[in-house]
Amino acid sequence: MSDREAEFREFVGARMEALRGLAYLTCGDWQVAEDAVLSALAKLYVRWRRIDHPDAYARTAVVRAAIDETRRPWWRREQAHSHTALPDRVAPDETHSVDERLRLRAALDRLPVKQRAVVVLRFLEGLGVEQTAAALSMPVGTVKTYTGRGLHALRLILDERAEGRHANRNV
Amino acid sequence: MRTEMSDLLHQAAQDPPPPRYDVEDVVRAGKRRQRRRRTGWAVGAALAVAVAVTVPQIVTHPPRRVQPVTPTPSVTTAGKPRAINFTFGGYTTGRFSVSTPFRWTLAGMSAEIRKKGGDPASPEGILTVYHPGVADPIAAEKGVKRTATSPIGGRPAYFGTDQGGFPMLVWQYAADAYAVVAPRSAGPGDYAMTKAEMRQVAAAFHLGNATPVVVPFRMTVVPPGYRLVLAQWEPTEGLPAMIRFLPVSVANPRISDVDHGPEPDPHSAYADQLRIEVVKPVPGEFAGDSSSGTQCPEANHGGRCYRWLPGDKYVVEALCRVVVKDQLAGLVDRIEVADPGNRATWLPANRAFPASAQVGG
């Protein structure tokens, strides 16, 4: 095995799990997220010797791949079915943390995919506005708008669900 | 809100299902992708396998520096360069459409095959049309099984299958001229086109008016002894243009594939290739910006220089292990780039490179 391949393997071993989470939050489906990560890391393999900042490259490639996956025709068909199957409100769970997780996942699922990607890059990965704009090839102004809209929408959805949970508990 | 949202997002990504892929799967996918870029699927997996076994042999020591090559203004020689043209255009047949060619090599031209309602992220297959006089590219490959099929356009045709079962359709489209349809493969037995569909695409193929191959830059100097062997663009891959030159001793129009990938066998003559690429970078891929000038990173034994183009949207990069750093940097400095995002500004390849760097020149 070459040094190059050994370095690549080490990088993938260290980062794959985090990239899987990033892709999942972007596209909302673990299986699709894994396909996106595989596709992005395969591209990285080809260009490995030439990447100055592998972390940044991998992060961007994964988010873009996750967005691309949601544009495939079969995805739209699947989503059309899965949305009709999704409950309008997530039933509260016995375990608070699981409940919180489900609530946020459902809330994220209701954001348009690029808005979701902006929120994820900014608040999961901690990227600045300009870094996010570069990663998603969109103007800085759009990133700011999507950040504001995304947070506002999430807040509304989460508040709405919290109210629903309280209502359920009061019954 | 920032901290709270960050915590919530981290929490939302917890508790994932067991992973379906591991590091080995990623490396395999990377090697597949490397082979696909290298062969364009078109010369079959037989060649791809032959190339793949060289991958573990990648050098782990600094590559040799053969005699320094000084980029000097090229002088047009007595010969007239061969015309660098595409000789067919896009066409449709049933639900399939074949793009205008995206790749020209000394051996042939390649185009994407897409299907109405197919996966927009990936073509169904690749059509490669070899220039007249280039020998059947599959016949000489070891381990390829040939199965006769009825003639196409009145000329001989056969299905070739390599050791891994990867199928391809080979037919003669003119006297002493061959073409190949190779479907996308998601694994053994899982191919994007049936044999009937491959025949359908082949039967509808026809030559058209010659149109010049265009590239988004002009080079006034090319290291002596190098010849242009490949020009292609891959807009979906963030690689608007890729050009390869090989030493004249191996720049042979009869080889079935002149693209030996980013990591050719380091012991072969192809490893001395010179590649010029215009890249639409992903953040993190290249350091600096257009104010940084030409940069030549020393990491991984060097062998590459690049500069950002005005606007910081594209990068032009040169890679060659045998041209010394200062000379490679000088070569990059002198590349005159058009607008990579606007094909109308691109230049015919015959005018974009010194005649001495073109076969026949």
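Which residue in β9(B) is the bridge partner of B:A157? The partner is B:W171. The rest of this report works outward from there, through both chains and the contact between them.

The model is predicted, so local features need pLDDT of at least 70, side-chain atom pairs count only at pLDDT 80 or more, and totals for chains, interfaces and linings use all residues. Residues are numbered from 1 along each chain as its sequence is written, while chains are lettered from A and ligands numbered from 1 in the order in which they are written.

**The two chains**

Helices (H or I, at least four residues) and strands (E, at least two) are DSSP runs, numbered from the N terminus. A residue is buried if 20 or more other C-beta atoms lie within 10 Å of its own, exposed if 12 or fewer, and partly exposed in between; the C-beta atoms are placed from the backbone. Two residues are in contact if their C-beta atoms, also placed from the backbone, lie within 7 Å.

| Chain | Residues | Buried share | Citation |
|---|---|---|---|
| Chain A | 171 residues | 42% | |
| Chain B | 361 residues | 42% | |

Chain A has 8 helices and 0 strands. From the N terminus on, its elements read α-α-α-α-α-α-α-α. Chain B has 6 helices and 22 strands.

Now take the contacts with a separation of 6 or more. In chain A, 61% of them come from residues 24 or more positions apart. In chain B, that share is 62%.

**Strands in chain B**

Two strands pair if DSSP finds at least two bridges between them. Strand β7 (residues 145–152) of chain B runs antiparallel to strand β8 (residues 155–161) of chain B, and 6 bridges join them. One bridge partner is named here: B:K145 pairs with B:T161 in β8(B). The two strands form a hairpin with 2 residues between them. In the turn, B:G153 has a positive phi of about 65 degrees.

β8(B) also pairs with strand β9 (residues 167–174) of chain B. That pairing is antiparallel too, over 5 bridges. The opening pair, B:A157 and B:W171, belongs here.

**A tryptophan in chain B**

B:W104 is found in strand β4 (residues 103–105) of chain B. B:W104 counts as buried because 24 other C-beta atoms lie within 10 Å. Leaving aside neighbours within four places in sequence, B:W104 is in contact with B:I84, B:F86, B:M109, B:V213, B:A231 and B:Q232. B:W104 and B:V214 are 110 residues apart in sequence, yet 9.9 Å apart in space, C-alpha to C-alpha.

**Helices in chain A**

Two packed helices are described by the angle between their axes and the distance between the axes. Axes here are lines fitted to C-alpha atoms, for helices over the stretch in contact, with angles from 0 to 180 degrees between N-to-C directions.

Helix α1 (residues 3–27) and helix α6 (residues 113–123) of chain A have axes that come within 8 Å and cross at roughly 145 degrees. On one side of this contact are A:L22, A:L25 and A:T26 in α1(A); on the other are A:R116, A:A117 and A:V120 in α6(A). α6(A) is mostly covered, with 10 of its 11 residues buried. Among them are A:V113, A:Q115 and A:F123.

Helix α3 (residues 54–69) of chain A has 16 residues. From first C-alpha to last, α3(A) reaches 22 Å, close to the 22 Å expected at 1.5 Å a residue. The expected span is 1.5 Å times one less than the number of residues. Buried residues of α3(A) include A:Y57, A:R59 and A:E69.

**A tryptophan in chain A**

A:W48 is found in the loop between α2 (30–47) and α3 of chain A. A:W48 counts as buried because 20 other C-beta atoms lie within 10 Å. Not counting residues up to four places away in sequence, A:W48 touches A:R4 and A:F8. The C-alpha atoms of A:W48 and A:E5 are separated by 8.6 Å, with their positions 43 residues apart along the chain.**Where the chains meet**

The contact takes 43 residues from chain B and 48 residues from chain A. On the chain B side, α1 (2–12) and α2 (23–39) each supply at least two residues. The largest share, 9 residues, comes from α2(B). By class, the chain B side divides into 24 nonpolar, 10 polar and 9 charged residues. Here Ala, Val, Leu, Ile, Met, Phe, Trp, Tyr, Cys and Pro count as nonpolar, Asp, Glu, Lys and Arg as charged, and the others, Gly among them, as polar.
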